[in-house]
Amino acid sequence: MRKYLNITTLKSLVVCSLIISTSCTQKNENAENMNTDNVLLQEWTGPYGGVPAFDKMNLTDLKSALEFGMKKNLEDIHAITNNSEAPTFENTIAAMEKAGKELNRVFKYYGIWSANLSSEEFRKIQGEMAPILSDFNSKISQNKELFIRIKKVYDDSLITPLEADQQRVVQLTYEGFAMNGAELDKTKKERYAAINKELSTLYTNFGNNVLADEENYVVYLTKEQLGGLSDGMIKSMAKIATDKGQEGKYAIPNTRSYMSPFLTYSTERELRKKVWNNYYSRGDNGDEFDNNENIAKILKLRKERVGLLGYDNYATWRLQNRMAKTPENAMNLMNAVWPSAIARVKEEVKDMQAVANASGKKITIEPWDYRYYAEKVRKQKYDLDSDEVKQYLQLDKLTQALFFVADELFNYTFTPVKEGSVPVFHEDVKVWDVTNKTTGEHIGLWYLDPFARPGKRSGAWATTYRSHTTFDGKKTVLASNNSNFVKPAPGEAVLVSWDDATTFLHEFGHALHFFSSEVKYPTLNGGVRDYTEFQSQVLERWLSTDKVINQFLVHYKTGKVIPKELVAKIKKASTFNQGFATTEYLASAIMDMKFHMTDPTNIDVDAFERETLNELNMPKELVMRHRTPHFGHVFSGEGYATAYYGYMWADVLTADASEAFAEAPEGFYDKDLAAKMVKYLFAPRNSMDPAEAYKLFRGRDAKIDALMRDRGFQVTK
Ligand SMILES: [Zn+2]
């Protein structure tokens, strides 16, 4: 989930939904009285246009705040539909943009509990509220009176066009409602809502089953079985074993952050097989936590739901407002890259087999050997020692590098706020004031939550607590970046890997995308799923620019700049193992799409996965990055369903845009090109069609060739 973008804005929930209040007046008043003291509902006060009261949030307030927020949101919608005047942009669309302020605020805190401060107590509330929130959304997305008004404004706008940004809001709103069943008759609407409710529970169950298998399958090692593992990892494994009451042993939890290094370094082949098996069997163990039945149900319900709208399959329905537009376009891209990826796997396996043979081991490379022997090949071929690289990658310096890049490309200045002046939800969180370097104008606040802790979800992500809009008074941005670095002893430097440094820039790219927004309406801040990874991916490219290297990649003890030869090795090694990385990713992305293009009526999920991989000639030496029974992107919600291809879609743009910088007179610091990038690819967010925006930046459509070159694959014409 390294690049999972968690935009927990309620707009994503509410954008296609508005409500009718059914509760009686008496009840409403009670709720109102009950909630005036609820911190989660209160308007944000304090400096910088108001900030969330993270220092006062209390889980016991959450349920009543959600209930009250939903009720208020429904009342807002009711006021719109009750308006006796003819529907206009202002009294319908703009009013909808303003609706649900209270609930929006609650969801910012909800997001913190879900991602940064999770607990069993919270998950209980989450499970309880999921079907209720689903009902709430249906009440808005299926509100007939509301849709009639939206449709009127939309139809009018086709005759008398509005201003460009208003026109886009109307179009997105209308399409969102139409896509979500607003035009259905009463019977179909009821079925539609019932399906969504059932799905919301299936999604929760899916995720919980995977969690259960991650918690239940822990492998314990003895002291004799630690060959190849680093001291840091051994210490961490010992602590986890102790915490689990197995003092003296070493635990390998069934998660990616332990599986991956264990398979890379452990010399114990049988244990590698065991750890691999546990990890890739999550949700597929034929017990009470098995997800195959859930997946079949989810696929059938999704197909039935889009069938109500007249679509053949879920993928066609889902992609209509994505940059790719159709499943065929997404498949064409993946099919174009796939042959080169699996051809590269063959070469990688050959190299690895040679290393195994030379060491006298009589083995054939199996999936649990791939990472282990790939690492040996890496050392041999590229002589790259990742521990050596780490000594030049300090978190503090990397943070300064982010600010430097933001200054160069966006003309932003980052200044730490006075400690205690902005509330935070944990002492580790630090806050910076972001201003325009030339004018001094305040743009927003940047929150950084860098360190791992119990209850914080793994990986790295970016989110906003408030987005830039101007239609209802100018709002400044509150954006945050979140990582899971290991917290050091006081005064010690945090050293990170090249991959983690890249991810750090990646997430900052999302933050810059938030800060640079110049849209008027909230809906226009929404992301297009196969486009929102472009802005973050492209920022990764500045890590290996000379200006960043020479100023910020310095040795944590000597202060010496990272040696040129080492940088050259890193760059040379960048195409290493791309067969593995691209193939494991693409296999998942193709599977995601195929599951949603097929008829699921009698589907056998296990067999479908097997047969699809056979048809693809999937190399037997590796597996899908996310096997179907634990593919949370796709089955624990709908955010990434038929969207996993989006990372590669965005990467086509990333590679192509990077070549534009490489060719510019001043390279990656070319002011003119940077200004163009901010103007067309960052600031408009979703106020412009992404394909058109890209053309304005590049003067042509993006080509796939740059991506192929990036990964070291053959460009075929
Ligand atoms: Zn991302």
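Student: How many of the 717 residues of the protein count as buried, as a percentage?

Tutor: In this predicted model, 57% of the 717 residues count as buried, where buried means a relative accessible area under 20%.

Student: What makes the protein as compact as a globular protein of that length?

Tutor: The secondary structure comes to 29 helices and seven strands. The radius of gyration of the protein is 26 Å, and the globule rule gives 27 Å for 717 residues, so the two values are close and the protein is as compact as a globular protein of that length. Along the principal axes, the C-alpha trace spans about 85 × 65 × 60 Å. As for the contacts with a separation of 6 or more, 77% of them are accounted for by residues 24 or more positions apart.

Student: Why is helix H4 described as largely enclosed by the rest of the structure?

Tutor: Helix H4 covers residues 89-98, and seven of its ten residues are buried, so the helix is largely enclosed by the rest of the structure. The buried residues are Phe89, Asn91, Thr92, Ile93, Ala94, Met96 and Glu97. After H4 comes Gly100, whose phi is positive, near 75 degrees.

Student: Which atoms are the protein donors of the zinc ion, and what makes them donors?

Tutor: They are NE2 of His506, NE2 of His510 and OE of Glu533, which lie 2.0 to 2.1 Å from the zinc ion. A donor has to be an N, O or S atom within 2.8 Å of this metal, so these atoms satisfy the criterion. Along the chain, the donors follow the spacing H-x3-H-x22-E. His506 and His510 both belong to helix H19, residues 498-515, where they lie four residues apart, about one turn of the helix.

Student: Why are His506 and His510 called buried?

Tutor: The relative accessibility of His506 is 0%, so His506 counts as buried, and His510, at 2%, counts as buried as well. The cut-off against which both values are set is under 20%.

Student: How do you know that Phe404 is buried, and which residues is Phe404 in contact with?

Tutor: Phe404, whose place is in helix H18, has a relative accessible area of 15%, and because the cut-off is under 20%, Phe404 is buried. Leaving aside neighbours within four places in sequence, Phe404 is in contact with Lys547, Val548, Gln551, Phe552 and Tyr669. Gln551 is 147 residues from Phe404 along the chain, yet their C-alpha atoms are separated by 9.6 Å.

Student: Why is Pro367 called buried, when Pro367 is found in a loop?

Tutor: The label rests on accessible area: Pro367 has a relative value of 10%, and the limit is under 20%, so Pro367 is buried. The loop in question runs between helix H15 (327-358) and helix H16 (370-382). Apart from neighbours within four places in sequence, Pro367 is in contact with Trp276, Lys620, Glu621 and Leu622. The C-alpha atoms of Pro367 and Thr476, which are 109 residues apart along the chain, are separated by 49 Å.

Student: What makes up the lining of the second largest pocket?

Tutor: The lining of this pocket, which holds about 620 Å³ of space, consists of 30 residues, with Asp396, Asp428, Lys430, Trp432 and Pro450 lying nearest the centre. Helix H18 (395-410), strand S4 (430-436) and strand S5 (442-451) each supply at least two residues of the lining, and H18 gives the most, with five. By residue class, the lining divides into 16 nonpolar, five polar and nine charged residues.

How values were computed
Residues numbered from 1 in each chain as written. Predicted model: local features only at pLDDT ≥ 70, side-chain atom pairs only at ≥ 80, totals over all residues. Heavy atoms only, no water. 1 Å grid on protein atoms, 1.4 Å probe; cavity = no way out; pocket = protein on both sides within 12 Å on 5 of 7 lines; lining within 4 Å. Points joined across faces, edges and corners; volume = space filled by probe spheres on them. Nonpolar A, V, L, I, M, F, W, Y, C, P; charged D, E, K, R; others polar. Donors = N, O, S within 2.8 Å, 3.2 Å for Na, K, Ca; no water. Buried < 20%, exposed > 50% of the residue type's maximum accessible area, 1.4 Å probe, protein only. Contact = heavy atoms within 4.5 Å. Rg over C-alpha atoms; globule rule 2.2 N^0.38 Å.
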